[in-house]
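Visitor: Could you take me through this model and show me how its labels are earned?
Guide: Gladly; here it is.

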Amino acid sequence: NGINEVYHAENPANVAWVNQRAYDYAQMINGTTRDDINRIVARGLQENLTIAELAINLENYFKNNNAMRAILIARTETVVATNAGRVSSMKQSGRIKDHMWLSQRDSDVRDISGDDHVSLDGTIVKIGDAFPGNGGSQADFPSSPNERCLTIPVQVAPKKN
């Protein structure tokens with residue numbers, strides 16, 4: 001982990017986080033899918049589509065979205081889990097008080113109101129405090145959908161012998 005400490009992944013807080021995250025993310029995915037299907041059906045009804053035509057539109061939705069959503073979900077969950085693990089390891093070490101938001105510093109870094117990762121880049125907060133303006137699912141580390149940003153320790157206190 002870069003700070004010469006042992007990290008306990010089986011820590012009950014870590015296990016609880018993983019279990020809750022799996023539930024929360026399943027709810028988000030189901031909500032997004034439900035909303036998309038509702039839009040397709042409503043549009044089909046407005047356009048007086050037959051059941052067969054509406055079924056084709058729904059089939060196309062699933063064909064076209066599966067690969068894109070799989071990449072988005074894999075990226076989001078990998079980066080968010082990494083950031084959660086980093087914060088947990090920083091807390092477990094007891095030697096790190098602050099951490100910094102680190103974006104990818106490229107043209108793809110999001111800069112939308114309420115979730116502006118360009119502005120958050122370089123922001124330092126105490127471990128456990130929220131990053132101001134972070135619109136992710138976890139306020140205390142980068143955790144938005146399609147997340148690419150990281151959190152890193154700012155200063156590591158010397159290890160006590």
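**Labels and their cut-offs**

Guide: The side chains of lysine 63 and glutamate 59 meet in a salt bridge, at 3.1 Å from N to O. This is a predicted model, in which local features need pLDDT of at least 70 and side-chain atom pairs count only at pLDDT 80 or more, while totals for chains, interfaces and linings use all residues. Residues are numbered from 1 along each chain as its sequence is written, and side-chain values use heavy atoms, with hydrogens and water left out.

Visitor: Why is the contact of lysine 63 and glutamate 59 called a salt bridge?
Guide: The term asks for a side-chain nitrogen of Lys or Arg within 4 Å of a carboxyl oxygen of Asp or Glu. The N to O value here is 3.1 Å, so the pair qualifies. Both residues lie in helix H2, 4 residues apart, about one turn of the helix. The structure holds 7 salt bridges.

Visitor: What makes H1 roughly antiparallel to H2?
Guide: The axes of helix H1 (residues 12-46) and H2 come within 11 Å and cross at roughly 155°. Angles over 145 degrees count as roughly antiparallel (under 35 is roughly parallel, 65 to 115 roughly perpendicular, the rest oblique), so H1 and H2 earn that label. Axes are lines fitted to C-alpha atoms, for helices over the stretch in contact, and angles run from 0 to 180 degrees between N-to-C directions.

Visitor: How do you know that S1 and S4 pair?
Guide: Two strands pair if DSSP finds at least two bridges between them. Strand S1 (residues 98-102) and S4 have 3 bridges, in the antiparallel sense, so they pass. Aspartate 98 stands opposite lysine 126 in S4, and methionine 100 has isoleucine 124 as its bridge partner there.

Visitor: What makes S1 and S5 a pair?
Guide: S1 and S5 are joined by 4 bridges, again in the antiparallel sense, so the requirement is met. Leucine 102 stands opposite leucine 150 in S5.

Visitor: Why are S4 and S5 called edge strands?
Guide: The 3 strands form an open sheet in the order S4-S1-S5. Strand S4 (124-126) and strand S5 (150-153) each pair on one side only.

Notes. Helices (H or I, at least four residues) and strands (E, at least two) are DSSP runs, numbered from the N terminus.
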